[in-house]
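Work through the exercises below with the coordinates open. Each task is followed by a solution in steps.

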Amino acid sequence: MDIEKDYSGADIGKYKLLTKLGNGGFGAVYKAVDRVLNAEKAIKILEVSDPRKAYELFNEAAIPYKCQHNNIIRINSGELLTFNSEDVFIVDMELANGASIDGLLQNRFVPVSESIRYIKDILFAVEFSHLKGIIHRDIKPANILLDNGIPKLSDFGLSTALGGLIIPWRWYRSHAAPETFVDYSVATVETDIFALGMTMFRMVNNISNWSLFLQNITNFESLIRTGKLIGKIQQEPYVPLKIQRIIRKACNPLPEKRYHSAAEMRNSLEKIHFLYNWYMSGNYHWTGTSIGLPNKDIYLEMKRKSVNVVVKNNGRRSSSDSRNFFSLEEAMAYLFEYIRETTIQ
């Protein structure tokens with residue numbers, strides 16, 4: 001079976017394939033109808049290259065089945081079937097009715113506060129899987145699905161037991177902790193923490209095209225292998241410094257200097273109290289919303305000899321917060337400082 005091909009409209013056992021949702025791990029994921037239950041499902045189709053070793057694919061369903069949690073995509077079953085005279089393994093999963101975080105980042109600007117809310121929920125999921133002795137090893141925006149706004153961790157295809165040996169070529173390379181590039185490395189809580197930090201970095205910095213982003217960085221392959229990528233990148237100036245520090249700790253090249261549990265990382269995030277959700281309305285215009293506080297706008301006014309930074313509260317100009325500058329660079333620095341300082345308490 002060619003997993004790159006789109007088989008929408010075909011039948012596999014009791015399933016009718018409706019729409020291809022993407023490729024994940026070593027298989028293809030489809031929205032499908034279970035004709036026995038008359039229910040829509042997400043199913044993952046895995047190639048069975050050697051029928052004698054087909055039982056090894058059972059872990060694709062068995063491992064996440066052990067992790068029944070509100071923030072983890074539910075696994076219903078796994079079974080061997082025949083499709084176009086070939087053996088395939090089907091993982092029957094809960095169908096999330098929203099996009100992935102990766103898709104969300106491609107479609108709109110995501111406020112820092114929203115990203116952190118999703119990450120805190122995913123940290124509950126990762127903590128639960130770690131307590132079950134399972135290391136995910138593939139945490140990234142594409143594997144966090146939104147179901148009625150609730151983030152859910154998916155695709156445990158690369159997961160392994162805590163302390164298990166890591167096969168060098170089987171992990172998400174650009175989120176891999178540096179110690180996993182060494183032969184005979186083992187899966188630890190800290191390897192998932194590193195991937196969580198990388199995921200959080202992409203989310204709060206609104207990086208919509210990760211591959212293109214990496215290609216614009218000199219020697220990015222070397223930086224990934226040494227765990228120094230985050231330390232070499234300037235984070236967006238609107239990201240609060242407390243959040244930048246949490247990302248740097250999670251992505252420290254030395255595992256002993258990272259968070260040692262998902263709960264520890266989540267507790268650091270719980271200490272941050274948000275004031276404003278800031279949305280980028282344009283290159284020089286941001287809008288801030290809050291509960292119990294005035295709505296804010298901050299934008300630039302280009303004058304002949306100056307650049308004005310205008311701040312409005314509920315549509316009324318704030319003379320105490322607005323500023324005049326002689327250069328665009330100074331004005332932008334103030335704009336981002338204002339956003340950064342009003343995002344959190």
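**Exercise 1. A buried strand residue**

Task: In this predicted model, list what Ile135 touches beyond four places in sequence, and state whether Ile135 is buried or exposed.

Solution.
Step 1. Locate the residue: Ile135 lies in strand 7, which covers residues 134–135.
Step 2. Leave out residues up to four places away in sequence; Ile135 then touches His130, Ser159, Thr160, Leu162, Ala187, Thr188, Val189, Thr191 and Asp192.
Step 3. Classify it: the relative accessible area of Ile135 is 0%, so the residue is buried.
Step 4. Check one residue far along the chain: Glu256 is 121 residues from Ile135, and their C-alpha atoms are separated by 17 Å.

**Exercise 2. Two helices in contact**

Task: Describe how helix 4 packs against helix 8, giving the crossing angle and the axis distance.

Solution.
Step 1. Choose the descriptors: two packed helices are described by the angle between their axes and the distance between the axes.
Step 2. Apply them: the axes of helix 4 (residues 189–204) and helix 8 (residues 241–250) cross at roughly 145° and come within 8 Å.
Step 3. Assign the hand: the crossing of helix 4 past helix 8 is left-handed.
Step 4. List the residues in contact: helix 4 supplies Ile193, Phe194, Gly197, Met200, Phe201 and Val204, while helix 8 supplies Ile243, Ile246, Ile247 and Ala250.
Step 5. Sort them by class: 9 are nonpolar, 1 is polar and none is charged.
Step 6. Recall the helix geometry: an α-helix has 3.6 residues a turn, so residues three or four places apart point the same way.

**Exercise 3. Length and burial of helix 4**

Task: Compare the expected span of helix 4 with the distance between its end C-alpha atoms, and state how many of its residues are buried.

Solution.
Step 1. Take 1.5 Å a residue; the 16 residues of helix 4 should span 22 Å.
Step 2. Compare: the end C-alpha atoms of helix 4 are 23 Å apart, which agrees with that expectation.
Step 3. Count the buried residues: 16 of the 16 residues of helix 4 are buried, so the helix is largely enclosed by the rest of the structure.
Step 4. Look past the end: just after helix 4, Asn206 takes a positive phi of about 50°.

**Exercise 4. What covers helix 10**

Task: Test the length of helix 10, then find which elements cover its buried residues.

Solution.
Step 1. Helix 10 has 16 residues (328–343), and at 1.5 Å a residue it should span 22 Å.
Step 2. The end C-alpha atoms of helix 10 are 22 Å apart, which agrees.
Step 3. The buried residues in helix 10 are Ala331, Met332, Tyr334, Leu335, Phe336, Tyr338, Ile339, Arg340, Thr342 and Thr343.
Step 4. Their cover includes helix 8, strand 11 (277–282), strand 12 (285–289), strand 13 (296–302), strand 14 (307–313) and strand 16 (323–325).

**Exercise 5. Positive phi in loops**

Task: Place Ser85 and Asn219, and state whether Ser85 is buried or exposed.

Solution.
Step 1. Set the background: most residues other than glycine have a negative phi.
Step 2. Ser85 is not a glycine, yet its phi is positive at about 65°; Asn219, also not a glycine, has a positive phi of about 55°.
Step 3. Ser85 sits in the loop between strand 5 (75–83) and strand 6, and Asn219 in the loop between helix 5 (210–215) and helix 6 (220–226).
Step 4. Ser85 has a relative accessible area of 75% and is therefore exposed.
Step 5. Asn219, with 58% relative accessibility, counts as exposed.

**Exercise 6. Buried charged residues**

Task: State the relative accessibility of Asp138 and of Lys44, and give the contacts of Asp138.

Solution.
Step 1. Asp138 is in the loop between strand 7 and strand 8 (144–147), whereas Lys44 is in strand 4 (residues 39–47).
Step 2. At 3% relative accessibility, Asp138 counts as buried.
Step 3. Lys44 also has 3% relative accessibility and counts as buried.
Step 4. Apart from neighbours within four places in sequence, Asp138 is in contact with Asn143, Asp155, Leu158 and Tyr172.

Key
Residues numbered from 1 in each chain as written. Predicted model: local features only at pLDDT ≥ 70, side-chain atom pairs only at ≥ 80, totals over all residues. Heavy atoms only, no water. Axes fitted to C-alpha atoms, helices over the stretch in contact; angles between N-to-C directions. Helix = DSSP H or I, 4+ residues; strand = E, 2+ residues; numbered from the N terminus. Left-handed = near helix turned anticlockwise from the far one by under 90°. Contact = heavy atoms within 4.5 Å. Nonpolar A, V, L, I, M, F, W, Y, C, P; charged D, E, K, R; others polar. Expected span 1.5 Å × (residues − 1). Buried < 20%, exposed > 50% of the residue type's maximum accessible area, 1.4 Å probe, protein only.
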